[in-house]
Amino acid sequence: MAQLARDLAAQDSVQATLEAVSAAAVELIDGCDAAGILTVSKGRAVTLAVCGDMVEESDRLQGELGEGPCFDAARRVDGERLFRIADMTRPQPSWPRYSRAARDLGIGSMTGVLLYTHEEDFGALNLYSRRPGAFGEDIESAGWLLASHAAVALSTARTVDQLEHAMETRHAIGEAMGILMERHRLSEDEAFGVLRRLSQDHNLKLRDVARRVRAQPSGQV
């Protein structure tokens, strides 16, 4: 746990920390097949980090249906800060439509921990297992530790919208680098160097250069 805390603190961005938290949950918590961090912004579900399949589709369904344990936990402002569903294969009266869809996704059990600091709620760290009964009280310490690190990281981001924008920018730059690497036989460092030079030469933000590269069939700006 001490090494995990050091590793999480060493991440160089909020997004990297959230992704590391999700990955650590899958790696360290017995029975956890997938994990993700969900928040609710302006009434809609926003997936901030994912490790493993089923998470994004689960989040999408909860946002679309307006119901589900992760969706409820992410927008909860008081009361319980942890939920546990031992057997998702059984009917769930609180979320009838979502529970049916969750069974189709192969979700057997779930648990989630609210991300919060002294003054703010940010969402929830949600853990998924393909088998019922995967999560007991013994995993709560690890869940709280991971959720605490995610909450502290999010507290440094001024708004969810800013974080979403940063995620989109990072994705656009990654795609543009991939295009340059494939079409011009460049290394990762060389591709990033090309984007950076173009940004400086044309006085454009890096994300705008990346978008231009993605938009051109030839991979040129």
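Me: What makes a pair of side chains a salt bridge?
Reply: A salt bridge is a side-chain nitrogen of Lys or Arg within 4 Å of a carboxyl oxygen of Asp or Glu. In this predicted model, D87 and R90 have their closest N and O atoms 3.4 Å apart. That value is within 4 Å, so the pair is called a salt bridge.

Me: Why is R90 called exposed?
Reply: Exposed means over 50% relative accessible area. R90 has 56% relative accessibility, so R90 counts as exposed.

Me: How many salt bridges does a search of the whole structure find?
Reply: The search finds nine salt bridges. One of them joins E140 and R84, with the closest N and O atoms 2.3 Å apart. E140 lies in helix α6 and R84 in strand β3, so this pair ties together parts that are 56 residues apart in sequence.

Me: Why are E140 and R84 called partly exposed?
Reply: Partly exposed lies between the 20% and 50% cut-offs. E140 is at 22% relative accessibility and R84 at 32%, so both count as partly exposed.

Me: How do you know that C32 has no disulfide?
Reply: A disulfide needs two cysteine sulfur atoms within 2.5 Å. The closest cysteine sulfur to that of C32 is in C51, at 7.9 Å, so the distance is too far for a bond. A search of the whole structure finds zero disulfides.

Me: What makes C32 and C70 buried?
Reply: Buried means under 20% relative accessible area. C32 is at 5% relative accessibility and C70 at 0%, so each counts as buried.

Technical notes. Residues are numbered from 1 along each chain as its sequence is written. This is a predicted model: local features need pLDDT of at least 70, side-chain atom pairs count only at pLDDT 80 or more; totals for chains, interfaces and linings use all residues. Side-chain values use heavy atoms; hydrogens and water are left out. Buried means under 20% relative accessible area, exposed over 50%, partly exposed in between (1.4 Å probe, protein chains only). Helices (H or I, at least four residues) and strands (E, at least two) are DSSP runs, numbered from the N terminus.
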